[in-house]
Amino acid sequence: MEIKENIHAAPAVSHDHGHGHDDHHDHHQSFWTKYVFSTDHKMISKQFLITAIFMAFLAMGMSMIFRLQLSWPNHPFPFLESIIGKWGKGGVLDSGFYLALVTIHGTIMVFFVLTGGLSGTFSNLLIPLQVGARDMASGFLNMLSFWFFFASSIVMFASIFIEAGPASGGWTIYPPLSALPQAIPGSGLGMTMWLVSMVLFIVSALLGGINYIATVINLRTKGMSMTRLPLTVWAFMITAILGVLSFPVLVAAALLLVFDRSMGTSFYLSDIFIGGVPLDQVGGSPILFQHLFWFLGHPEVYIVLLPALGLSSEIISTMSRKPIFGYKAMIGSMLVIAFLSFIVWGHHMFVTGMNPFLGSVFVFTTLLVAIPSAVKVFNYIATVWKANIILSPAMMFAIGLVSFFITGGLTGIILGDSALDINLHDTYFVVAHFHIVMGSSAFFGMFAGVYHWFPRMFGRMMNKTLGYFHFWTTLICVYAVFFPMHFIGLAGVPRRYYTNTAYEGWDGLININELITVFALLAGVAQLIFAFNFFYSMFKGPKAPQNPWRSNTLEWTAPVEHLHGNWPGEIPEVHRWPYDYSKPGAKEDFIPQTVPASETPESNRPGDH
Amino acid sequence: MNLLLIIAVLLGVLVTARLLNVVQLASSLSGEDKDETQARHDKWNGIGMMTFMIAGLGLMIYMTLKYQPFMLPEAASKHGKETDFLLNINFAVIGIVFFITQIALFWFVYKYRHSASRRAYFYPENMKLEMLWTIIPTIVLSALIITGLSSWNRITNDVNKGDGMVVQVYGYQFNWITRYAGADNMLGKSNFRLIADDNPLGVDVSDPAAADDIMTKANEMYIPVGQPILFEFDSRDVLHSAYFPHFRAQMNCVPGMTTRFYMEPTITTAQMREITGNEKFDYVLVCNKICGVAHYTMKMKVVVVEQAEFDSWLKGERPVVPAPEVVPAQNNQIDNTVDNNEAANAAV
Ligand code: HEM
Ligand SMILES: [Cu+2]
Ligand SMILES: [Cu+2]
């Protein structure tokens, strides 16, 4: 239905275009249909992005509050009381609320910013534009996807304000802690809201994912074979497949938890004596939950990471003026990573008492993931070798991503080794590892994407100087925040600790903690620069040229002013792969995908595709 | 603090360097992006990348050395020595890869900055090269997998050796209790429904194996040096994780399921005090799985002593099945310990 409509809409649009006014395409659109209940992928993409930016600031603010506590334990910060009220009596953060902040911080960052925000923004913006489609396969489902996401954000946000506090059992919500309000106050209404919010979120992720897959498979323009797809689109599609296969398992896990919480079942509960009484529920296993959770949980980290890798592949190639090295190997390694990500979940559970042989299998599969990851890194490095690099802010962030991917990926080799994980499991070493490889890499990929495609989103350019400033402060601060955490972990400090001073042996770490917090605060300030640049440029930035980065991909052939249907008139046809940069003999250092081989006899080579 | 200053200064330098460019902020806010502007950006940011790489790698080495004193001291258990060795090998391997790749990345970005007079080298693929950097990581990883797994198997198989002294470590919100199996080296059965004020572990006192079981009085546990110990972990309420950082030992405590870990302490507390040069040093058992608001206070002192000292200590602890006449007094004592801890936790 939707597709037909869009296709029909397009000629009409181009017709209007002929008459010349830029605002033509919304002549029959009210404010509501254009900005709120929009079915246009470009608008939905912006809705995702702006919601995610808001959520990211929220989660970052939380991390600053708990960082203060970690480096100046129990020191009163009077302003805290005015922000968080009873949880900050006398300016000292409450230990239960500390856990609540950590939990909501992690949940928001992982799901709302780096899953919903990242995929929602860029899959939506780029899939139709880069495969040459008028819109998503179903604009309506796409709109629903955003509104489920929005509803779920609202529920999560609202949970912060309830009497007993939000969920506080960690973003992994392991039962029995998350099942029993007697065990921690956050497991009452707060946990219920967390579960409701996540189920809404998963509905959104599924609606989005199915749409992305359908669009890539069905709506590619003429000539756009799978091996001519930009790596971004490959990454988005693989991500969507991962999501569609793994998120339902989280729903199942959550549903059983709901039963245990409110209907007296015992899927996850057994032999529990709490609040002075033995519970009736016996026969369940808390470990079952972990298996279900991490069956989603591990693919989830690639759901976060792959889109970022896709974006940076595209940006690094474009700004290096050089084809991505090993295009097919890049696709292959993403596929292998995606496949393996379903059979490594046990590496989160080495010390749960799992059968050691099963543990060995997970060590094997986990370390295998390092191979395709290494291939990707080497291919990036080979791409910048002998390149002709334009250091736009997007390119800088993409390089930053590769650097973080290396740093964080390598410590994964240590954590994936069960014998070493015995000592490092759940320590700050893990916190350092995943913030670098998943948090920072994915965030840098997202920033790179925003800087690079901002002209495509808003028709204006972002300010470069502010962009560089943002890049340098963020790069330095992020390394200064997360690298020293390895040392805290090697000193044996557990994560999710309200203070590290519970054991005298850790007192000496307080300096490292201060260092981390100072840089965390600076990092926060740096993000304000980004926010300013983003919103200022949205309205006041210089108008974007048609193809600001002299890029090959299709999205830059669509008019700068957004049209419903993307291209006036015919959808362009594709004649080559997207990475013909600096081809020997070619007139320019790029040949857009729309240029047929017959027009470039001087640069055609055997094996072109 | 020193380090903080150094980094702050470095940051300051970079920031001012960038701020100098703010002069052109006005021009770029208002419009077009000239080629020379971009060339200048490329140059300065390229230099920035190199500076960052060199300074960053330098600082990493500096920090690693400087923070050594704060890291865990040498492993105090047999398997811990082995895993520490393994950890060092792993660090060496990833360290090398880290340096090579980071240097290559930043160096190339600096070296191959844009020039209008040059074209990038069109180099879309090279099968041989790609095979090479698939096969080399595969070999290196295989070596790491093999060494890692052989350690892992040794450590986990020892549980079945049958020569360990059985010690139960029992976690609850927010404290630990330990129970020693006594002469028969068998713990009496327990059941969570039997838990009561005078029976915190829910031990079935009618089980003959429980007759010689001994429970700790205060919030500390003793273990003998050079004697293999088979820990059995249980939890009363939510998940906990018994983490002995100095022994490189950790196992989750799961309600409804007993988990095990086998380890042999090799260094007594007194020896470790000498090694660390810290008179007050003590081993510790901490909880390493989020378990509630006072999770971070859930710890126990661990004391490693010679066998003889251990034996005499154990005599002074409380039998799980109490002799009738002394019950009230002893219970009071234990309850006090528990209550005190709870009070302390509540106060926090
Ligand atoms: C603004 C910069 C950030 C800072 C300073 C920061 C700091 C922290 C710290 C110190 C913890 C551990 C707290 C504890 O265990 O007691 C933590 C937890 C966590 N963070 Fe961040 N973080 C930041 C950004 C991010 C990002 C970008 C992500 C995205 C992946 C993220 C995801 C998480 C997760 C998943 C947890 C674990 C939550 C849990 O234990 O349940 N954080 N963060
Ligand atoms: Cu994982
Ligand atoms: Cu605990």
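**Close-up 1. Polar contacts of ligand 1 in the predicted model.** A backbone N or O atom of A:Arg496 lies 2.5 Å from an oxygen atom of ligand 1. At A:His435, a polar side-chain atom is 2.7 Å from a nitrogen atom of the ligand. A:Tyr428 also takes part through its side chain, with a polar atom 3.5 Å from an oxygen atom of ligand 1. Four elements of chain A each give two or more residues to the shell around this ligand: α3 (41-71), α5 (95-131), α14 (428-458) and α15 (464-490).

**Close-up 2. The shell of residues around ligand 1.** In this view, 26 residues surround ligand 1. The closest are A:Tyr98, A:His105, A:Trp171, A:His435 and A:Arg496. Sorted by class, the shell holds 17 nonpolar, six polar and three charged residues.

**Close-up 3. A:Tyr98, one of the closest residues to ligand 1, and its protein neighbours.** A:Tyr98 is part of helix α5 of chain A. Is this residue buried or exposed? The relative accessibility of A:Tyr98 is 1%, so the residue counts as buried. Leaving aside residues up to four places away in sequence, A:Tyr98 touches A:Phe66, A:Gln69, A:Leu70, A:Leu93, A:Tyr428, A:Arg496, A:Tyr497 and A:Tyr498. In the case of A:Tyr497, 399 residues separate the two in sequence, while their C-alpha atoms are 8.6 Å apart in space. Two of the residues touched by A:Tyr98, namely A:Tyr428 and A:Arg496, also appear in Close-up 1: a polar side-chain atom of A:Tyr428 lies 3.5 Å from a ligand oxygen, and a backbone N or O atom of A:Arg496 lies 2.5 Å from one.

**Close-up 4. The copper ion (ligand 2) and its protein donors.** Which protein atoms are the donors of the copper ion? They are ND1 of A:His298, NE2 of A:His347 and NE2 of A:His348, at 1.7 to 2.0 Å from the ion. Along the chain, these donors follow the spacing H-x48-H-H. A:His298 sits in helix α9 (residues 286-320) of chain A, and A:His347 in the loop between α10 (327-340) and α11 (356-384), so this pair ties together parts that are 49 residues apart in sequence. Both A:His298 and A:His347 are buried.

**Close-up 5. The contact between domain 1 and domain 2 of chain A.** Domain 1 covers residues 2-574 of chain A, and domain 2 covers residues 576-609. Their C-alpha centres are 35 Å apart. To the contact, domain 1 gives 24 residues and domain 2 gives 15.

Notes: Residues numbered from 1 in each chain as written. Chains lettered and ligands numbered in written order. Predicted model: local features only at pLDDT ≥ 70, side-chain atom pairs only at ≥ 80, totals over all residues. Heavy atoms only, no water. Near = heavy atom within 4 Å. Polar contact = N/O pair within 3.5 Å; in protein donor to acceptor, adjacent residues only side chain to side chain. Nonpolar A, V, L, I, M, F, W, Y, C, P; charged D, E, K, R; others polar. Donors = N, O, S within 2.8 Å, 3.2 Å for Na, K, Ca; no water. Buried < 20%, exposed > 50% of the residue type's maximum accessible area, 1.4 Å probe, protein only. Domains from an automatic or database assignment. Contact = heavy atoms within 4.5 Å.
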